[in-house]
Number of protein chains: 2
Amino acid sequence: MDKFDQQILALLRADARLPVSQIAREVNLSRSAVSERIRQLEHSGVISGYHAHVAVPGEAAIKVYLELFYNGGRCEHYVELMRVFPEVRRCSGISGETDMLVYIEAPSMLRFSEVRGEIENFPGMQKVKTHMMVKDWVF
Amino acid sequence: MDKFDQQILALLRADARLPVSQIAREVNLSRSAVSERIRQLEHSGVISGYHAHVAVPGEAAIKVYLELFYNGGRCEHYVELMRVFPEVRRCSGISGETDMLVYIEAPSMLRFSEVRGEIENFPGMQKVKTHMMVKDWVF
DNA sequence: AGTGAAACATCTGTTAG
DNA sequence: CTAACAGATGTTTCACT
């Protein structure tokens, strides 16, 4: 994890679709070297994925935390199911009784209800506890 | 913004580097159609960017949600007290029994314990429930 | 570790039908 | 939408620093 790796990470953090050839130019390494470094960074888990940042249609008028309780199935499974909703911004597996904590931003109460309804009907879903966010400070 | 767009968004959210050709296969559209749709989604701002998710070693090694239960005092009061900790990233007043949900990122377990200890000793604090984040997906 | 070059498959953008 | 083409890109391998 030297200076080159850090430069590569910074570039991919800004634009995950930057071509290897261009990265090579900017950090002054060959394509093969950059390819190999990226492969290492991915394999070692430093880069956990590449994701498009999708804006919530409308605006985030409603902010909610859902507590999910389900039986069987790994959390990865449910994450894949919830990924289809742009309103789902974050899924966190946490210690304690709750299986997963899901943060949702929706443009309206109606839309939120739709999303919540679909999540409740996921196979194996046992309970969905809703926590409307009434105040919020982000630092 | 029809069903196809939503499918495309879900795929790019999961893997920003998915080739257009493969997306086309999965949603049963032609490459040109998918290319055009992605172009529209980018230009209209629905897709605001593509980013590598990087786990920086040492930075935010520990992610935790705290459930705060206190008696008396408004949440604004406690927010002011917690603002002194850079590790406190978000404070949310939510509906339900829990008075406040606090998201914390700390560089080490030791440092987190210190912060948690201080929060527990805030005047009026009744209970602090810790939820270590063991898995996490941010979209 | 990195370079440069080559070879090959794949992706993309752009045409034309 | 399909088909086809040209150019760019990713990946791998190799000989050589």
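How do the residues of the lining of the largest cavity divide into nonpolar, polar and charged? Hold that thought while we walk through the structure, which is a predicted model. We'll begin at the DNA, move on to a pocket, and finish inside the cavity.

Take DNA strand C to start with. From chain A, the residues around this strand are A:N28, A:L29, A:S30, A:S32, A:A33 and A:R37, and from chain B they are B:P19, B:V20, B:S21, B:R31 and B:S35. What part of the strand do they meet? Of the strand C atoms within 4 Å of the protein, 68% are sugar or phosphate, and the rest belong to bases.

Some of those meetings with the phosphates go through the protein backbone. A polar backbone atom of A:S30 sits 2.7 Å from a phosphate oxygen of DNA strand C. Over on chain B, B:V20 has a polar backbone atom 2.9 Å from a phosphate oxygen of this strand, and for B:S21 a backbone N or O atom is 3.1 Å from one.

If you'd rather think in helices, look for α3 (31-43) of chain A, plus α2 (20-27) and α3 (31-43) of chain B; each of them supplies at least two residues of the surface near strand C. The top contributor is α3(A), with three residues. By chemical type, this surface has four nonpolar, five polar and two charged residues.

Now swing over to DNA strand D. Here chain A brings A:P19, A:V20, A:S21, A:R31 and A:S35, while chain B brings B:L29, B:S30, B:R31, B:S32 and B:A33. Of the strand D atoms that come within 4 Å of the protein, 71% are sugar and phosphate.

Side chains come into play on this strand. An N or O atom in the side chain of B:S30 is 2.5 Å from a phosphate oxygen of DNA strand D. The bases get some attention too: A:R31 puts a polar side-chain atom 3.3 Å from a base nitrogen of strand D, and B:R31 likewise has a polar side-chain atom 3.3 Å from a base nitrogen of that strand.

In terms of helices, α2 (20-27) and α3 of chain A, along with α3 of chain B, each give at least two residues to the surface near strand D. This time α3(B) gives the most, with three residues. The tally for this surface is four nonpolar, four polar and two charged.

Leaving the DNA, find the second largest pocket, with a volume of about 260 Å³. It is lined by 15 residues, and A:E67, A:K129, B:E67, B:E97 and B:K129 are the closest to its centre. Strands β2 (62-70) and β5 (125-138) of chain A and β2 (62-70) and β5 (125-138) of chain B are the elements that give two or more residues to this lining. The largest share, three residues, comes from β5(B). The lining holds two nonpolar, six polar and seven charged residues.

That brings us to the cavity. The structure holds one cavity of 30 Å³ or more, and the largest cavity has a volume of about 100 Å³. Chain A lines it with A:Y65, A:E67, A:I94, A:T98, A:L101 and A:H131, and chain B with B:E67, B:I94, B:T98, B:L101 and B:H131. And here's what you were waiting for: the lining of the largest cavity is made up of five nonpolar, four polar and two charged residues.

Definitions and conventions: Residues numbered from 1 in each chain as written. Chains lettered and ligands numbered in written order. Predicted model: local features only at pLDDT ≥ 70, side-chain atom pairs only at ≥ 80, totals over all residues. Heavy atoms only, no water. Near = heavy atom within 4 Å. Polar contact = N/O pair within 3.5 Å; in protein donor to acceptor, adjacent residues only side chain to side chain. Helix = DSSP H or I, 4+ residues; strand = E, 2+ residues; numbered from the N terminus. Nonpolar A, V, L, I, M, F, W, Y, C, P; charged D, E, K, R; others polar. 1 Å grid on protein atoms, 1.4 Å probe; cavity = no way out; pocket = protein on both sides within 12 Å on 5 of 7 lines; lining within 4 Å. Points joined across faces, edges and corners; volume = space filled by probe spheres on them.
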